[in-house]
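Me: Could you take a close look at one part of this model for me, the nonpolar patch on its surface, and then walk me through the aromatic side chains too?

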Amino acid sequence: MQNTTYNIRIDKQVRDQADALYKSMGLSLSSAINLFLRQSVIQGKLPISEVIAEPAYADMLLRDADKIDAAIAKGTAKLYKTPDELFAAWEKQNEQL
C-alpha cells in the first residue's frame with residue numbers, strides 16, 4: 001500500500017482534544033483519521049451518526065452521574081427495580097404536565 005501526505009487545516013483546540021482522545025484509545029491522530037476515511041469509503045457516507053452523541057454528552061452524563069450518586073447516598077433518589085417501572089413513572093409524570 002502506497003502512503004501519501006495530505007495537509008489540512010484544523011482548529012488547534014479541536015486537534016489537541018482529538019489527539020488526547022485518540023491517545024487514550026491507543027491511536028494516533030493519523031490512525032484515527034485513516035479509520036474515519038476508510039469507514040467513509042466502506043459505508044459510502046460520513047460515518048458519524050453513532051459518534052456524534054457520545055462525546056457531546058459525556059461531560060453532562062458524568063455530572064449527572066455525580067448528582068445521582070449524591071442523591072442515592074442521601075437517600076433522596078427514586079430507584080426503580082425494572083425499566084418498565086421507570087417508564088411507567090415517566091408516563092405518569094408526563095400526563096400530569
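**The patch and the rings**

Reply: Let's start with valine 14, which sits in helix H1 (residues 12-24). Keep in mind that this is a predicted model. Is valine 14 buried or exposed, or in between? Its relative accessibility is 47%, so it counts as partly exposed, because that label covers whatever falls between under 20% (buried) and over 50% (exposed).

Val14 also belongs to a nonpolar surface patch of about 790 Å². The other members are Tyr6, Ile8, Ile10, Ile33, Phe36, Leu37 and Leu46. Which element gives the patch its largest share? That's helix H2 (residues 29-43), with 3 residues.

Now for the rings. Searching the whole structure turns up just 1 aromatic pair. The partners are phenylalanine 87 and tryptophan 90, with 5.4 Å from centre to centre and 55 degrees between the planes, a tilted arrangement. It's tilted because 55 degrees is neither under 30, which would be stacked, nor over 60, which would be edge-to-face. Both residues are in helix H4 (residues 83-96), 3 residues apart, so about one helical turn separates them. As for cover, phenylalanine 87 is partly exposed at 41% relative accessible area, and tryptophan 90 is partly exposed too, at 44%.

One more ring is worth a look, this time with a charge involved. Lysine 78 has its charged end over the ring of tyrosine 80, 5.1 Å from the ring's centre.

How values were computed
Residues numbered from 1 in each chain as written. Predicted model: local features only at pLDDT ≥ 70, side-chain atom pairs only at ≥ 80, totals over all residues. Heavy atoms only, no water. Patch = residues over 30% accessible without salt bridge, like charges linked within 9 Å, V, L, I, M, F, W, Y side chains within 5 Å. Areas by Shrake-Rupley, 256 points an atom, 1.4 Å probe, with all protein chains shown as cover. Salt bridge = Lys/Arg side-chain N within 4 Å of Asp/Glu carboxyl O. Helix = DSSP H or I, 4+ residues; strand = E, 2+ residues; numbered from the N terminus. Buried < 20%, exposed > 50% of the residue type's maximum accessible area, 1.4 Å probe, protein only. Phe/Tyr/Trp six-rings, centres within 6.5 Å; stacked < 30°, edge-to-face > 60°. Lys NZ or Arg CZ within 6 Å of the ring centre and 35° of its normal.
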